[in-house]
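Got the viewer open? Here is a short walk through the model, one selection at a time.

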Amino acid sequence: MSNDAEITEQVRKAWLWVKDSPLVIDDENIARFYDAIVRPAFKDGPRTIRLTKEQSEEVQTSFMGTVRGGLSGLFGMFTAEAEGSAQRQKTKGWNEGSEQELVLEPISTSHRQLEQLIVYYSLLHPERLLVGDNTALLEWQYRHLAQSLPRALCLIDLPPGLRFIPMAAEFENGKVQRLFKDLASKAGRELPAYDRDRKAGYWLSLTELAEPARAAEVIEGASAEHGRIEWIDFRVVLDGTGRSVHLHLESRGRYFTGAFAYMVIRRVVGHGLRMVGTLKDGPDVNVLAIYEK
């Protein structure tokens, strides 16, 4: 179990890499999640959060080293892009006695919505903001963290050496292809029988088939035949015992095939990658954004 100092350091680092330009980002699901979590329940407009002095100090500690000027520096990151001829500040903070009031105004870009979601979780639901690596995914599953509400927002830093097994995808012509079967066909091997009671061994067998060049060719071949990818599912074995995570990403035909075939599948082996997503039982992650290392 990580101690408080380690968790704080993880949050700082994750905050910095989320500031990067994402390789892939799911605009639509981020907007829905943002609307459900951040926006007021009964009206459109800004969301006001009041923090005690203790809460304010705790947040400043968590993000120490990433910004200057305390909370005003942190929330000053959320400045509006020009809208018409006006330039609006999206987040404001001021002291009122022993409290600090923060006004989170609605924003429309998915990248900034994701940043604001992370800050919102850190303020109101810090126990539901999860930061970790491949081993942390297994710990979160063991602790049943996917079963509480609000849904956990997780920032995952995957190390080099992992193989992404392409499981299935839907393409722009409506075809849903079971990509893992194409892996076996391309390797000239038969798939082992799936046994739920022995699924760890099954995932290890698929990992052997998912040699990066072969997995990339399977995605490229299917996309060449059926068009751009609408959604794609991966399975990633996290350790030598075959324990794994399922990843679901909705791209809606907005990204070229190489974003998945090369930049995800092939680069992760040598470099790793980073993801932001929402946690489901499994472990299973709905991926909201992917960042290269």
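For the first stop, take contact to mean heavy atoms within 4.5 Å. Keep in mind, too, that this is a predicted model.

**Stop one: helix α8**

Select residues 199-209, which make up helix α8, and colour Y202, W203, L206, T207 and L209: these are its buried residues. They sit on the same side of α8, because the arc they cover around the axis is only 155°. Now show what they pack against. The partners of the buried residues are β7 (164-171), α7 (179-187), α9 (212-226), β9 (229-237) and β10 (244-250).

**Stop two: from α7 to α9**

Two of those partners are helices, α7 and α9, so let's stay with them for a moment. Show the side chains of K186 and E217, and you'll find a salt bridge with an N to O distance of 3.9 Å. K186 belongs to helix α7 and E217 to helix α9, so this pair ties together parts 31 residues apart in sequence. Are these two buried or out in the open? Neither, really: K186 is partly exposed at 46% relative accessible area, and E217 is partly exposed as well, at 41%.

**Stop three: β10 and its neighbours**

Next, select β10. This strand is mostly covered, with 6 of its 7 residues buried. Bring in β9 alongside: the two strands run antiparallel and are joined by 7 bridges. To check the register, pick D233, which stands opposite H248 in β10. Follow the chain through the hairpin and you pass 6 residues between the strands, with G242 in the turn showing a positive phi of about 95°.

Then add strand β12 (residues 284-292). Here the pairing with β10 is parallel, over 3 bridges. For a marker, click H246, whose bridge partner in β12 is D284.

**Stop four: the charged patch by α2**

Keep going past β10 into the loop between β10 and α10 (258-261), and display R254 together with D27 of helix α2 (residues 27-37). Their side chains meet in a salt bridge, 3.1 Å from N to O. It links distant parts of the chain, as the two residues are 227 apart. D27 is partly exposed at 28% relative accessibility, and R254 is partly exposed at 45%.

What does R252 pair with? Its salt-bridge partner is E28, with the closest N and O atoms 3.2 Å apart. This pair also runs from the loop between β10 and α10 to helix α2, spanning 224 residues. R252 counts as partly exposed at 25%, and E28 does too at 35%.

Widen the selection to D26, E28, R32, E250 and R252, and you have a network of linked salt bridges. As for the chemistry, side chains of opposite charge can pair when their charged atoms come close. If you want to hunt down the rest, the structure holds 14 salt bridges.

**Last stop: a pocket**

Finish with the second largest pocket, whose volume is about 330 Å³. Of the 15 residues that line it, select K199, R243, S244, G282 and P283, which lie nearest its centre. The elements giving two or more residues to this lining are α6 (134-142) and α8, so the tour ends back at the helix where it began. Which of the elements gives the most to the lining? That is α6, with 4 residues.

Conventions
Residues are numbered from 1 along each chain as its sequence is written. This is a predicted model: local features need pLDDT of at least 70, side-chain atom pairs count only at pLDDT 80 or more; totals for chains, interfaces and linings use all residues. Side-chain values use heavy atoms; hydrogens and water are left out. Buried means under 20% relative accessible area, exposed over 50%, partly exposed in between (1.4 Å probe, protein chains only). The arc is that of the directions from the helix axis to the C-beta atoms. A salt bridge is a side-chain nitrogen of Lys or Arg within 4 Å of a carboxyl oxygen of Asp or Glu. Two strands pair if DSSP finds at least two bridges between them. On a 1 Å grid over the protein atoms alone, a cavity is a set of points where a 1.4 Å probe fits but cannot get out, and a pocket is an open set with protein on both sides within 12 Å along at least five of seven lines; lining residues have an atom within 4 Å of a point. Grid points are joined across faces, edges and corners, and a volume is the space filled by probe spheres set on the points.
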